[in-house]
Amino acid sequence: MLTKEENELLCRVEGDAPMGRIFRRHWQPVCLIEEVAEPDGAPVRARMMGTDLVVFRDSDGRVGVLDENCPHRRASLVLGRNEEGGLRCLYHGWKMDVVGNVLEMASEPSASAMMEKVKHRAYPVQEWGGMVWTYLGPQDEVPPFQPPAWAPNEDVRVSIAKAVIPCNWAQILEGAIDSAHSSSLHSSDMVPARVQSAGATDKLWLRPSTDKAPRLQVQRTSYGFRYAALRRPMQNAQANEYVRQTVFVAPATALIPPNNLYNVANINVPVDDTTTAFYFIAWGHPAQTPETESWRKFLGQQVGVDLDSQYRPLRNRDNNFWQDREAMKAGNFTGIKGFPNQDIAMWVTMGPIADRSMDVVGGSDLAIVEFRRQMVEAARDVAAGKPAIGTGDAAIPRDVCSYQAIVPKTTDWREFKTSFVWGESGGPEMESQYQIKQ
């Protein structure tokens, strides 16, 4: 468990909170590219770590991320006109471009020199992996953008389900790195099968184990940690173990063990202290990674079906997340369709910010305990003037990835040389991608 003071340090991101300062020193996705796909299209309201923003694509196709409120009298630019190379405030006609230059001041005399003295707050932008990224940290110390581990190059297909969840980022991240819960909460969607490694169908994810109580081992790194959940495989359990190795990339990314067809990741961006933009990602070879809408349908995360136009889930606490008790009687474990929706039900019912001082943690929570310990330490370091975790030379190396495989008990999971899943015609056999270092 954490003390209440430690829990506050872990969770709070608004204002000058140390955890918010960590997030601001990493490039973060502010929205999906699909949300601002059209030049001169409708601006998008965004919010990160309590900072209100507007995102828009101008007439030339450039994307801008600006403070939401006009520098003149603070009216919202989300309502503004996106036209002729800039965003025009409705109140007095001031117009700003994607880098914050004031192009016009319709309310000021033509001879006024005021326009040369005013510049609106704009943030650096990068489009990559289906997302618009920005950097909210010190603008005189903007680090180069580095592609995330789940979109290493332009050849991969990246399919993203987005949902805006009404709870704190840390309880969502803890769910993403918690291997033990999947054997219970997701047991109707991630089912045991006599397969050689994890597999994917259009309806289910298959796993070669019935073991619901994994043994966890953690390896701390400069960018977060790697951990392995070790389970008994269904076949030859005397000699082998089924290893699912997850990577936590600070501050809030999880590289989740893949299946035989594609890789899986999750990134969480705090909107504010009690709201989080949750992105669940399938990525890999275009021939075997599901397209975006297929991925969202599989997860139960389709806009207009499961989510409203602002990516907010229609399933909520008031309607019990559309839980089907008849389906439960028929054998479905949760009665909730789509395993992210099962997770969301757990996260939201913990409250806006989970009180970790009340937790009773066990051996299956080793990765959770490590996450809390590491990130509380990281927040204290930033408050003391030290660099943010995972930045600069401490950033994640490009060859780090998650994996899953059945391995001999004599093999140390830490010594596996791994590569992400990439192949055609149904995908490679998982075991062929891992080689023990000599």
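Helix α1 sets its buried residues against α2 (18-24), α3 (169-176) and α7. In α1 (residues 4-11), those buried residues are Glu-6, Asn-7, Leu-9, Leu-10 and Cys-11. Buried here means under 20% relative accessible area, exposed means over 50%, and partly exposed is in between (1.4 Å probe, protein chains only). Helices (H or I, at least four residues) and strands (E, at least two) are DSSP runs, numbered from the N terminus.

A word on what you're looking at: this is a predicted model, where local features need pLDDT of at least 70, side-chain atom pairs count only at pLDDT 80 or more, and totals for chains, interfaces and linings use all residues. Residues are numbered from 1 along each chain as its sequence is written, and side-chain values use heavy atoms, with hydrogens and water left out.

The pLDDT, the predictor's confidence in each residue from 0 to 100, averages 92 over the chain, and 97% of the residues score at least 70. Residues 425-438 are another story: pLDDT stays under 50 there, though the model has 44 contacts beyond four places in sequence for them. Contact means heavy atoms within 4.5 Å. Where pLDDT is low, the predicted coordinates should not be read in detail.

Now the domains. The assignment, which is automatic or from a database, gives domain 1 (26-135) and domain 2 (157-408). Their C-alpha centres lie 34 Å apart, and the contact takes 16 residues from domain 1 and 17 residues from domain 2. UniProt, in an unreviewed entry, places the feature "domain: Rieske" at residues 27-134; such annotations may be inferred rather than shown by experiment. That span is 0% helix and 42% strand, and its end C-alpha atoms lie 6 Å apart.

On to the inside. A nonpolar core is a set of buried Ala, Val, Leu, Ile, Met, Phe, Trp, Tyr and Cys residues joined through side-chain atoms within 4.5 Å. The largest one has 99 residues, and Leu-10, Trp-150, Trp-169 and Phe-371 touch the most other members. Helix α7 (residues 366-383) supplies the largest share of this core, 8 residues. Both domain 1 and domain 2 put in at least three residues each. A second, separate core of 14 residues includes Val-54, Cys-70, Cys-89 and Val-98.

Helix α4 (residues 292-299) buries Trp-295, Arg-296 and Leu-299. Seen down the axis of α4, these fall within an arc of 95° (taken from the directions from the helix axis to the C-beta atoms), so they line one face of the helix. Their cover includes β1 (28-32), β12 (157-165), β15 (205-207), β21 (275-284) and α6 (339-349). Right after α4 comes Gly-300, with a positive phi near 70°.

Two residues other than glycine also have positive phi:

| Residue | Phi | Loop | Relative accessible area |
|---|---|---|---|
| Met-49 | near 50° | between β2 (44-48) and β3 (51-57) | 1%, buried |
| Asn-236 | about 55° | between β17 (224-231) and β18 | 45%, partly exposed |

Strand β18 (residues 240-249) holds Tyr-242, which is buried with a relative accessible area of 1%. Leaving aside neighbours within four places in sequence, the contacts of Tyr-242 include Ala-198, Arg-207, Leu-230 and Gln-404. In the loop between β18 and β19 (253-256) sits Pro-251, joined to Ala-250 by a cis peptide bond with omega about 5°.
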